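Visitor: I have a chain in front of me and would like to go through some of its contacts. Where should we begin?

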Amino acid sequence: MALLTANKVFQMNGVTVSEKIIPDGIRWKDGAKAQKAGFSAGSLYKKQQRLSGGTGKVQGVTIHNTADLANVHDDGEQYTRATYNENMGSVRVHYYVDDTGAWQNLKAGTGLCSNDPVGSAEVSWHAGDGSTPDGGNMTTISMEVIMGDTAAHDEKAKDNAARMAAWLLWKHGLTIDKLFSHTYWVNKSAGKHFADVDRQCTNPVRNQKWCPTYIFGSSNPDIALKNWKAFKQLVQGYMDALNGGAQAPTADAAGTLYRVQTGAFSSKANATAYAKKIKAAGFDTYVVKADGLYKVQVGAYSKKANAEAQMQKLTAAGFQAFITTKSGTPV
């Protein structure tokens, strides 16, 4: 099979994402492959159900590791291609992430492209806990971080994953304690619960999967805990940067205006030039100064739904955008 062509390519917090979401209605074709994965020919190829009981609510982000493929430049593309070729068994994940960027296989409710509208986040098969209502499969966005190559490769893949995890948590109004490892769900399925989320994320369960192996960096639970916390600190740093320039989406409140922001620059000239580019694409835009930055915004809406609709139009036109309730001084 030839290399895949993405439906859409966009940026998520500085990471290039190639969208190749498995379409609704796709079914298993190869009976032998389906049977090996626990299905039958004609069965739905993905769960095709929104997260959290059909609401699409994202309750966390789960991090996994999978092995780098030898002599392959874009590992995410090859894992996605293997998924389309029915060669990944029952595994279905939202994102494959490596040093080059990421490939998206399932809806995550980001609003960053037309195939992934806000509120559409769907169930993935990744946590090994079946259809348990409060399990990882049914409540979280899944990310396979492809590592096991050179140190430089693995650091870049990990950084890309941290950037994306931060944006997804921020986008869905979640805090860092909603970042989970695969091992967290392994412990939950085994009936092991810890008050310390990080301890549950790194506690080994006998004869069960230990993941994300490369991020843990050791089979020693104490070292794994230290390395997992370091990864979370990396994610938190990117979340802090996002929250420094914008406020995560919140519920409607009296007097609240929801603004669509599509850029922030230290240079007024750069912000003005970018605003002209947005305007040339057919959007009314303006520049405000806040927190020491010049921010390009498009519209202010009393209803969050209207702001989300405008944000989707911007992303469909190829511009990155998000919603904020913060304004600034017009310039």
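Guide: This is a predicted model. We can start with D129, in the loop between strand 5 (102-104) and helix 4 (136-139).

Visitor: Which side chain of opposite charge is nearest to D129, and how far away is it?

Guide: D129 is buried and has no salt bridge. A salt bridge needs a side-chain nitrogen of Lys or Arg within 4 Å of a carboxyl oxygen of Asp or Glu. The nearest side chain of opposite charge lies at 6.4 Å, and it belongs to K188.

Visitor: With which side chain does the side chain of D129 make a polar contact?

Guide: D129 touches G135, G136, N137, W185 and S189, leaving out residues up to four places away in sequence. Among them, the side-chain partner in a polar contact, at 3.2 Å, is N137.

Visitor: Which residue meets K188 in a salt bridge?

Guide: K188 lies in helix 6 (residues 182-189), and its partner sits in the loop between strand 5 and helix 4, so the pair ties together parts 54 residues apart in sequence. The partner counts as partly exposed because its relative accessibility is 45%, between the limits of 20% and 50%. The two side chains meet at 3.0 Å, N to O, and the partner is D134.

Visitor: Which helix gives the most to the largest nonpolar core?

Guide: The largest nonpolar core has 50 residues, and M143 is one of those with the most contacts inside it. Ten of the core's residues come from a single helix, spanning residues 151-171: helix 5.

Methods
Residues are numbered from 1 along each chain as its sequence is written. This is a predicted model: local features need pLDDT of at least 70, side-chain atom pairs count only at pLDDT 80 or more; totals for chains, interfaces and linings use all residues. Side-chain values use heavy atoms; hydrogens and water are left out. Helices (H or I, at least four residues) and strands (E, at least two) are DSSP runs, numbered from the N terminus. Buried means under 20% relative accessible area, exposed over 50%, partly exposed in between (1.4 Å probe, protein chains only). Lys and Arg count as positive and Asp and Glu as negative; His and the chain ends are not counted. A polar contact is a pair of N or O atoms within 3.5 Å; within protein, one must be able to donate a hydrogen and the other to accept it, and residues adjacent in sequence count only if both atoms are side-chain atoms. Contact means heavy atoms within 4.5 Å. A nonpolar core is a set of buried Ala, Val, Leu, Ile, Met, Phe, Trp, Tyr and Cys residues joined through side-chain atoms within 4.5 Å.
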